[in-house]
Amino acid sequence: MDQWHTYLGLILLYAGYFNAVDGMKTLHTLNQQHFVNILQSGKASLIYFKRTTNPSIRHFLQQLEKSSESLEEYGITVAQVNCATEKVPKYCENEDVLKKAYLFRGNIMLRSFATDTLFDVDAIVANVLFNLLFNEIKYVSSLMDLYDIEDKMKGRRDIIFTFVRAIGVPEHRAIMETAFVYGAKYQFVLTTEQSVLEGMDLEDPDRLSARLWFFHCKMAMDRNQPCKRSYFEKPLTTVNIHSYLKVLEAPLVTEATVPPERVSTVHVQLKMPVVFLFTQRETHEHDRTIAESIAWQLLGRAGVVLVSRTQLHPNVPTDVNVGYRSAGADFSINYLVTTSVEEIVDLVKGKVKNVSTREKDDEEENEDMDFIGIQDDEVAETVYRDKWRELNIDFIQALTDSSFPTSLATTPQVVVLFYTNWDAVSKAFLQSYAEVSTRLADMKDLALTRVNCGDWTDVCLKENVTHFPAVKIYIQGENPLFYSGMLGAQSLLKFIMLSRVPNPLLLTSTEDVEAYLKGELHSDLKPQWGIPVVGLFSPEMKKVNDSFIEAANSLRGAVVLGLYSHKDAIYLSQKFGVALPALVFIRKEESHVDGIHLDSLSTEDIVSAVKSAMLEKFPEVTVENFPIYFHPLKPLFILFIDNDDTKTLKAREELGELTKLNLQIYTMCWIDLRNTHVGKEILQVYLNYLPQLPALILVQLNSSGQVFAFPEEQLISKMSVLHWLKKVQTGQEDPKNLLQGKEWTPPQAAYNFLAIMDIMHPGFAKQRTPNSAKQEHLYEEGENETEHLSQSNKEEDQNKLVAESEKVHATPTTSNEMKTQHELHNEL
């Protein structure tokens, strides 16, 4: 687009665009020579050729006159030619001249408009600009057209997509005036087809109002990566859209080096709300990640500013973590204590009326005390922090004693959640269960249901439900499957999807075996599939074949096993270099087939061999999979990384080579702090400082608690690491730190309910409280010790994260699974 368009357009946007009133400007009347001069100038012009002062066109001429001032701001001449006195060839000779207006660019006639389509100023300006900007604006009539443009713009330009009810309405004019200014920077896409909105995830798709989305395609460098979308919620006016684009062009998160009261951003200038997050050097990277997450959710609504705590006034309490400046001219800042990202977002959106400020009344103080008291139970803490979140589970069918058997008989596969309303773990898990139910809602042969065991005790007893929450899958004609995995949406979704596949999967040819190992069978389940494992047996190996089938049945939902039991299985065993009977598999990021010879024919040993085959030799450890790889008797050998630069990739490659030496005395793994934020806190606990990354750490968890760190100045290579390990084993390397055993005690003595029970009924809880005498003393002196214990609890939080991870295999699965899920939730 020509540069002068941009300058003229910006002047208009800042000055305002008010319709001309009657009498303010008279419509130019051209003679034949003036008309020729306009055509020869090369500029755009809208010309109406009239013959008489017909009363039927009087309204049109009035609107054309009013629109002339707006259009001439864009360099477009608006005029009329009186054909009664000027005989302009071609146009004045046309019998239909009274019914049309003509748009020219230079001497080229671009378009003729029926006068009844130019019914007011908005329609005239919108139609003229729409036709002049045909290179800048794409009109789409289907979702596929929109997706094609989106794919073409990835990595190149952002998209402004608009739906309007019709061409010529005020919202159409607003987007055309915006395109006149920004058409060279953004790709504008327009539709009037309501069917296109079906792919836009709207809460009220039936409401026929104008809408605008901003597609962030320029940042999508991978063609398979979808463009992020931001929805514009204000009325579509030129000024509103311009302000919105001005906000989008500002940094996503502003980092300020001045106190919050002196911060000036585009959001402050536009009198929009501003959220201040307070950070310090040790947690800056993590705080920046949280700030970006909040900024994306509030894009167009509020600004997000990251401010160093050193800039805060000394009178601001140390536990404050958020500052909030509301919309308007008032520059005062409310300092708040928030417990979740959702609470901040809801505050800006007006969904939270009561926010914890430093000016609390007695009731709010009591609520804070309640929150402190539940921090020793992370499941209860999750429920507390999510108490403002509305959880709609009405769409999940609630079963009763009569509908339970009916549902199992009429639906091929039924998933049932057994829970109670008063159980904290049940409340926390209901959110994950609702998410899975929504994602699987389109499956007609699958139903996700729930049974409230507080109401229907007989149903739960009959189904042998002994703890809450519990999930069982009922498949017609088969025994129910009991879910024993982590209480999170992704783990449950994987279990449900894999349970729908027969296990084992019978393979009929060597080609099927190789296709299965490559992941070409059931490719739709690839995200849940994991490592493909196939059992190879000759036909006469009936006993081990039967044991393998029993093992596969016991593992249903966790893994899908392939089974090949034919004469030519010997050919595959020779090809893969393993004697029959055998398991063959391909681990992630490896191309060659590994094999395990089955020495034992028992079902239990086959299950153990399958689980061993599914373990990666050098895995990325996350909160979710840590229990799978953790072994209490093996030292942890961990590589901590936070980027993919050459040094990091080389370190991972060298340690991957090291795993081939079969160093079974170590649990070797790596943690990416970008994916597992709690890893940063664990690293801090291990060393008492944050080293330069990549960092290689050896932790002796089984005995001494010694922590060794590979020298930062040395390059991580296979040989240098082997040499360093030799020095550690021979005592030539000094540990960097000694992990101290930490007891998970209540943050305040008043919340030590086991000690209280022992006081009331001596010996009742003694077996569960090793230091009951000490706890009783703490209870008696609790009022004086409260503040001290609360502070020490904060200082020990990071150590507890590591201490809890060490106990993950020794404690009941349900509570630990919820704790690890909650840790990850908090960090994100």
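The questions and answers below go through a predicted model of one protein chain.

Colleague: How many helices and strands does the secondary structure of the protein chain come to?
Modeller: The protein chain has 828 residues, of which 49% are buried. Its secondary structure comes to 29 helices and 30 strands.

Colleague: Among contacts with a separation of 6 or more, what percentage joins residues 24 or more positions apart?
Modeller: One such pair along the chain is Leu245 and Tyr182, which lie 63 residues apart and touch. For the protein chain, taking contacts with a separation of 6 or more, the share from residues 24 or more positions apart is 72%.

Colleague: Does Leu245 count as buried or exposed, and what is its relative accessibility?
Modeller: Leu245 lies in helix α7, residues 238–249. Beyond its neighbours up to four places away in sequence, Leu245 touches Ile160, Thr178, Tyr182, Tyr186 and Phe214. Buried means under 20% relative accessible area. Leu245 therefore counts as buried, at 1%.

Colleague: What separates the C-alpha atoms of Leu245 and Tyr182?
Modeller: Tyr182 is among the residues that Leu245 touches. The two are 63 residues apart along the chain, and their C-alpha atoms are separated by 9.4 Å.

Colleague: How far apart are the end C-alpha atoms of helix α9?
Modeller: Helix α9 covers residues 284–297, which is 14 residues. At 1.5 Å a residue, α9 should span 20 Å, and the distance between its end C-alpha atoms agrees: 20 Å.

Colleague: Which residues in α9 are buried?
Modeller: An α-helix has 3.6 residues a turn, so residues three or four places apart point the same way. The buried residues in α9 are His286, Asp287, Ile290, Ala291, Ile294 and Ala295.

Colleague: Are helices α4 and α6 parallel, perpendicular or oblique?
Modeller: Helix α4 spans residues 121–132 and helix α6 spans residues 170–182. Their axes come within 8 Å and cross at roughly 40°. That angle makes α4 and α6 oblique.

Colleague: Which residues in α4 and α6 meet, and how do they divide into nonpolar, polar and charged?
Modeller: The crossing of α4 and α6 is left-handed. On the α4 side the contact involves Val121, Asp122, Val125, Ala126, Leu129 and Phe130, and on the α6 side Pro170, His172, Arg173, Met176, Glu177 and Phe180. These residues divide into eight nonpolar, one polar and three charged.

Colleague: How are helices α17 and α20 placed, parallel or oblique to each other?
Modeller: The axes of α17 (residues 510–517) and α20 (residues 569–576) come within 10 Å and cross at roughly 40°. α17 and α20 are therefore oblique.

Colleague: How do the residues of the contact of α17 with α20 divide?
Modeller: Thr510, Val513, Glu514 and Leu517 in α17 meet Tyr571, Leu572, Lys575 and Phe576 in α20. They divide into five nonpolar, one polar and two charged.

Colleague: How many residues of helix α16 are buried?
Modeller: Helix α16 runs over residues 489–499 and is mostly covered. Among its buried residues are Leu492, Leu493, Phe495 and Ile496. The number buried, out of eleven, is eight.

Colleague: Which residues does Arg439 touch, not counting residues up to four places away in sequence?
Modeller: Arg439 is in helix α14, residues 424–439. At 47% relative accessibility, Arg439 counts as partly exposed. The C-alpha atoms of Arg439 and Leu493, 54 residues apart along the chain, are separated by 8.8 Å. The residues that Arg439 touches are Gln490 and Leu493.

Colleague: What is the relative accessibility of Thr449?
Modeller: Thr449 lies in strand β18, residues 446–452. Residues it touches, beyond those up to four places away in sequence, include Ile396, Leu399, Val415 and Tyr433. Thr449 counts as buried because its relative accessibility is 0%.

Colleague: Which residue follows Leu580 across a cis peptide bond?
Modeller: Most residues other than glycine have a negative phi, and most peptide bonds are trans. The bond after Leu580 is cis, with omega near -10°. The residue that follows lies in the loop between α20 and β24: Pro581.

Colleague: What is phi of Lys90 near?
Modeller: Lys90 lies in the loop between β3 and β4. Its relative accessible area is 61%, so Lys90 is exposed. Lys90 is not a glycine, yet its phi is positive, near 75°.

Terms used
Residues are numbered from 1 along each chain as its sequence is written. This is a predicted model: local features need pLDDT of at least 70, side-chain atom pairs count only at pLDDT 80 or more; totals for chains, interfaces and linings use all residues. Side-chain values use heavy atoms; hydrogens and water are left out. Helices (H or I, at least four residues) and strands (E, at least two) are DSSP runs, numbered from the N terminus. The expected span of a helix is 1.5 Å times one less than its number of residues. Buried means under 20% relative accessible area, exposed over 50%, partly exposed in between (1.4 Å probe, protein chains only). Axes are lines fitted to C-alpha atoms, for helices over the stretch in contact, and angles run from 0 to 180 degrees between N-to-C directions. Angles under 35 degrees count as roughly parallel, over 145 as roughly antiparallel, 65 to 115 as roughly perpendicular and the rest as oblique. A crossing is left-handed if the near helix is turned anticlockwise from the far one by less than a right angle, and right-handed if clockwise. Contact means heavy atoms within 4.5 Å. Ala, Val, Leu, Ile, Met, Phe, Trp, Tyr, Cys and Pro count as nonpolar, Asp, Glu, Lys and Arg as charged, and the others, Gly among them, as polar.
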